[in-house]
Amino acid sequence: MSEKLRVGIIGATGMVGQRFIKILADHPWFEIALVAASAHSAGKTYAEAVKGRWKMEGDVPEQVKDMVLHDAANVDEIAPQVDFIFSAIKLDKADTRKLEEAYAKAETPVVSNNSAHRWTPDVPMVIPEINPDHTDVIKYQRERLGTSRGFVAVKPNCSIQSYTPALSAWRQFEPTQVIATTYQAISGAGKTFKDWPEMEGNVIPYIAGEEAKSEGEPLKIWGHVDDEKKAIVPADDTVITSQCIRVPVLYGHTAAAFVNFRKNPTKQDLIDALESYTGEPQRLGLPSAPKQFIRYMTEDDRPQVRLDVNYEHGMGISIGRLREDKIFDWKFVGLSHNTARGAAGGAVECAELLKAQGYITAK
Ligand SMILES: NC(=O)C1=CN([C@@H]2O[C@H](COP(=O)(O)OP(=O)(O)OC[C@H]3O[C@@H](n4cnc5c(N)ncnc54)[C@H](OP(=O)(O)O)[C@@H]3O)[C@@H](O)[C@H]2O)C=CC1
Ligand SMILES: N[C@@H](CC(=O)OP(=O)(O)O)C(=O)O
């Protein structure tokens, strides 16, 4: 590859924005051309803006330290300077939808972490290993927006990524009912223990809006592009119910899940399906693709957050404790990294897929 694509990060100063900076500091296809955040940060250098709130391991990467932050609202100023945008802004949903579409209409594709557009019917919500074909809907979105290259694509909520990959590997056995309880890290709320000391030794049984996302988003991911409706139609053959709990962990969302199937897989069928599950990112050799998307751990006390969260650089999913249940058919535990696979890493892999498919190009 000769030239890297120029990427702008909006919301670059937050927890997810910082993870984007870390991942993209040394990316073979993309280079950080511009950083933006709220009007409050605009005009500061990146290093000044994150002073005292840099939450990543290691120092702020050299190449962004002296970059001057833009106000993300200045679409006309930002769009001409970049080939595409990663969005990690935290704004209310209506404003986010408007801002992300403004970039798309300025012919600048947006790959977003924000939940605002997840249920826009012609916006693909992509886990590249699972539903890479959903990007087919982009042609209909471009038709609606009147663009030739601009569009919005999103990655799903972080907590679903600890159980949805396993259920996706098991779609062939026709899962009908699922209970998923998630144990979510505080970085999911953009926080560390320093910012949120009440979380030390504590458990909070409420994360606003999370249960609806946990129950609904996998269905869109398992849906299909309907050419008549020019939209993604969610699957309706699985019902998920969930409870989402905040726990005193910095990185790593764990899920304890129960599942009923229409078919009758054995334990070995289920393990084989996990271990052999592979997708477009592996086939295409995308730079962020884990070699092994899902691993099965046989030890009784795994996966553990401390030992396993960074599996495949935080891009792999660890599953364990698969066993028969008295009420449901099977139960298991899953773990994923919420700011890597679950946020910035998942979005970067999605952008790599979009580039490989020809949707993101140099301007
Ligand atoms: N943390 C996680 O694990 C996950 C987060 N997400 C989503 O990613 C997004 C970012 O989350 P997170 O990084 O945790 O949030 P943070 O609160 O850590 O960061 C928010 C970012 O948004 C910027 N921002 C705030 N107000 C505005 C504004 N008016 N205009 C432009 N930018 C603004 C902030 O800039 P400034 O510094 O100037 O205030 C900052 O860069 C959210 O939508 C979140 O729901 C998705 C999956 C997982
Ligand atoms: N709500 C998640 C993080 C998040 O931002 O989710 P979403 O991308 O769906 O808004 C958590 O607190 O762990």
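Guide: Before we start, helices (H or I, at least four residues) and strands (E, at least two) are DSSP runs, numbered from the N terminus. You're looking at a predicted model: local features need pLDDT of at least 70, side-chain atom pairs count only at pLDDT 80 or more, and totals for chains, interfaces and linings use all residues. Residues are numbered from 1 along each chain as its sequence is written, while chains are lettered from A and ligands numbered from 1 in the order in which they are written.

Visitor: How far apart are the C-alpha centres of domain 1 and domain 2?

Guide: Let's place them: domain 1 covers 5–157 + 344–356, and domain 2 covers 159–337. Those bounds come from an automatic or database domain assignment. From one C-alpha centre to the other is 24 Å.

Visitor: Which helix gives the largest share of the side of domain 1 that touches domain 2?

Guide: The contact (C-beta atoms, placed from the backbone, within 7 Å) takes 31 residues from domain 1 and 27 residues from domain 2. On the domain 1 side there are 16 nonpolar, 7 polar and 8 charged residues; Ala, Val, Leu, Ile, Met, Phe, Trp, Tyr, Cys and Pro count as nonpolar, Asp, Glu, Lys and Arg as charged, and the others, Gly among them, as polar. The largest share, 6 residues, belongs to residues 340–356, that is, helix 12.

Visitor: Which helix gives the most residues to the shell around ligand 1?

Guide: Ligand 1 has 27 residues around it, with Gly14, Ala37, Ser38, Ser41 and Gly190 the closest; a residue is near if its C-beta atom, placed from the backbone, lies within 6 Å. The shell splits into 10 nonpolar, 16 polar and 1 charged. Both domains give residues to it, so ligand 1 lies between them. At least two residues each come from helix 1 (15–24) and helix 12, but the top giver, with 3 residues, is helix 1.

Visitor: How many residues of the shell around ligand 2 are charged?

Guide: Among the residues around ligand 2 are Asn113, Cys158, Glu210, Lys213 and Asn338. Domain 1 and domain 2 both contribute, so ligand 2 lies between them too. The shell has 3 nonpolar and 7 polar residues, and the number of charged ones is 2.

Visitor: Which strands are the edge strands of the open sheet of 6 strands?

Guide: The sheet runs in the order 3-2-1-4-5-6, with parallel pairing (at least two DSSP bridges between two strands). An edge strand pairs on one side only, and here the pair is strand 3 (70–71) and strand 6 (152–154).

Visitor: What angle does helix 1 make with strand 1?

Guide: Strand 1 (residues 5–10) is joined to strand 2 (residues 30–37) by 6 bridges, and Ile9 stands opposite Val35. Helix 1 packs on this sheet, touching strand 1, strand 2 and strand 4 (84–87). Axes are lines fitted to C-alpha atoms, for helices over the stretch in contact, and angles run from 0 to 180 degrees between N-to-C directions. For helix 1 and strand 1 that gives about 160 degrees.

Visitor: Which residue is joined to Pro303 by a cis peptide bond?

Guide: Pro303 is in the loop between strand 12 (294–297) and helix 11 (305–308). Most peptide bonds are trans. Here omega is about 0 degrees, and the partner is Arg302.

How values were computed: Two residues are in contact if their C-beta atoms, placed from the backbone, lie within 7 Å.
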